[in-house]
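This briefing introduces selected features of one protein model to a reader who is new to structural analysis. Please keep the sequence and the structure in view while reading.

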Amino acid sequence: NAEGSEDSDTEEDTSVVLSEFEDEEISELSFDIGTLAMTLVYDAEADTWSDSEDPDFPVYQTKANSMRNVLAGLTAIQMVTDAPEDIAEYGLDDPMMTMTLTLTDGSEFTVYLGSSLVTGDGYYVMVDGDPAVYVVSNTIYTTYHIELADLTQRDDMPNLTAEQIRTLLVESEEFGNFEMSYESYSQYDYSENNMYPWTIFQPYGSPVSGDTTEILEMLENYTTFTLTDCVDYNAEDLSVYGLDEPAGSITITYVLEEEETEEDSEEETETEEVLETFTLYFGDLDEAGEYYYVRQEGSTAVHTMAKATLETKVDIDAFSLAANMPALIFIENCVQIDLNVDGETHEMVLEHTEVTDEEGETSTESVFYYDGTEAADESAFRSLYQNLISFSVKTALTKEWDETAEPYITIVFHKNTEERSELTVEFLPYDDDFYAVKINGTALFGADVRDIASMVESIRSYDPTVEEE
């Protein structure tokens, strides 16, 4: 009895294997799904598919393989009947889809797909040469229910990390231009400590140091370029897509690889970056206004990219990426500061001497002077210095203002470097909330009047003769 009970609980396997073919047995795959009919030719040696009518058509190999696989290993859930009275009852008098595998021996395996089950969990099918009607899973329908774009190979897009990117140029009629680049030793980095390797060139009329943390976070938007459909793999008339005169472009230079080169006979090596450039043009929006037409430099294929995806890459807040402390100079690199606060002048001198201890370790010793008097308290002098260099800019200058006005404060930093040896910072009247900050003659940003008032207070209250407790 126990044995009989166990048998009754086991479900009967009603599945029927309809096909079992190996890849190398297949030479062609043909299908007619009503809206699309194609014959794909398979090269087993190269493991690639091509369109029999258009060998240049870029077949999406992964999709073609899945279409082949679902047909080459087709198993029915069950047989419905081996002698149907009326195949119209199953939608097989006028099949929804017809799919054929041609084998290398010349034989064919053809499947006809009829109606779906009322339960929605399968479709009726017949196999050429077999009078029976079967039920198969939805997989065969979902695999073949495609448009031409689904079978079209999209252009390869770069897959990057933010750290690989060396230059970014965005040109856009609607959102304006943006340009920045990375240099391991930027000529615009006044810190002399490689604090600002990124420089922003556009939209500003003068180079501006960039905030590395903010920039690397922003560059995550450019690590991948997700294309949706390939609407034309060989576009002859780009004007149809607004790509004859593009609305804009994105150009990225990135590190493709790094090569080691020998420096001298001692076999010292240096790493040299091999760079690659990628440019994507974008044209019109589609009729629905949801996708831009895009084309990669060097390609004749036109794809679409989601509007939100593209605009994330071209609508850039440049001010948020700019370094907000433009005078952050390391004290060891500064030898003199000339101050003029509303006509009141001061001179700060910083003497740095490199010393070597008994163990051969080197360090820098500094002596500071303020208006010719040696600072009695090094910490107080350093605190004043910090107040001078650590002001931050809080806004971009967007209103008209008198750029010829006399500066309220002028600070000239003299450095012990051959290049960029001098940095002049001026604070000029702008409005009730901000001073315009002019860096080496160029004013782009504004500093909060309250912060500058605090700076002035630190200057006027400093006494080099006082040694703080």
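The points below concern strands, helices, salt bridges and backbone geometry, in that order.

The model is predicted. Eight salt bridges are counted in it. Strand 7 has six buried residues out of seven, so the rest of the structure largely encloses it. The buried residues of helix 8 lie on the same side of that helix, because they cover an arc of only 160° around its axis.

**Strand 7 and its neighbours**

- Strand 7 pairs with strand 2 in the antiparallel sense, over six bridges.
- Strand 7 is also joined to strand 8 by six bridges, and these two strands run antiparallel.
- Met 99 illustrates both pairings: Phe 31 stands opposite Met 99 in strand 7, and Val 111 is the bridge partner of Met 99 in strand 8.
- Strand 7 and strand 8 form a hairpin with four residues between the strands, where Gly 106 takes a positive phi near 95°.
- Thr 102 belongs to strand 7, and it is buried because its relative accessible area is 13%, which falls under the cut-off of 20%.
- Leaving aside residues up to four places away in sequence, Thr 102 touches Glu 25, Ile 26, Ser 27, Glu 28, Ser 107 and Glu 108.

**Helix 2**

- Helix 2 covers residues 61-72, and its 12 residues should span 16 Å at 1.5 Å a residue; the end C-alpha atoms are 16 Å apart, so the model agrees with the expected span.
- The buried residues in helix 2 include Lys 63, Ala 64, Asn 65 and Met 67. Arg 68, Val 70, Leu 71 and Ala 72 of helix 2 are buried too.
- Among the elements that cover these buried residues are strand 2, strand 3, strand 4, strand 7, strand 8 and helix 3.

**Helix 8**

- For the 12 residues of helix 8, the expected span at 1.5 Å a residue is 16 Å, and the end C-alpha atoms are 16 Å apart, which agrees.
- In helix 8, Ile 452, Met 455, Val 456, Ser 458 and Ile 459 are buried. Their directions cover an arc of only 160° around the axis, so they are on the same side of helix 8.
- Arg 450 and Glu 457 are exposed on the other side of helix 8.
- A general rule helps in reading such a pattern: an α-helix has 3.6 residues a turn, so residues three or four places apart point the same way.

**Salt bridges**

- Arg 460 and Glu 344 meet through their side chains in a salt bridge, with an N to O distance of 3.3 Å. Arg 460 lies in helix 8 and Glu 344 in strand 21, so this pair ties together parts that are 116 residues apart in sequence.
- Arg 460 is partly exposed at 44% relative accessibility, and Glu 344 is partly exposed at 28%.
- A salt bridge also joins the side chains of Lys 394 and Asp 451, at 3.0 Å from N to O. This pair links distant parts of the chain, with Lys 394 in strand 24 and Asp 451 in helix 8, 57 residues apart.
- Lys 394 is partly exposed, with a relative accessible area of 42%, and Asp 451 is partly exposed as well, at 33%.
- In the salt bridge between Glu 378 and Arg 382, the closest N and O atoms are 2.8 Å apart. Because the two residues are four residues apart in helix 7, about one helical turn separates Glu 378 and Arg 382.
- Glu 378 counts as partly exposed at 38% relative accessibility, and Arg 382 is partly exposed at 30%.

**Backbone geometry in loops**

- Gln 202 and Pro 203 are joined by a cis peptide bond, with omega at about 15°. Pro 203 is placed in the loop between strand 13 and strand 14.
- Asp 47 is not a glycine, yet it has a positive phi of about 55°. Asp 47 is in the loop between strand 3 and strand 4, and it is partly exposed, with a relative accessible area of 40%.
- Asn 440, another residue other than glycine, has a positive phi near 45°. Asn 440 is in the loop between strand 27 and strand 28, and it counts as partly exposed at 36% relative accessibility.

Definitions and conventions. Residues numbered from 1 in each chain as written. Predicted model: local features only at pLDDT ≥ 70, side-chain atom pairs only at ≥ 80, totals over all residues. Heavy atoms only, no water. Buried < 20%, exposed > 50% of the residue type's maximum accessible area, 1.4 Å probe, protein only. Salt bridge = Lys/Arg side-chain N within 4 Å of Asp/Glu carboxyl O. Expected span 1.5 Å × (residues − 1). Contact = heavy atoms within 4.5 Å. Arc of directions from axis to C-beta. Pairing = 2+ DSSP bridges.
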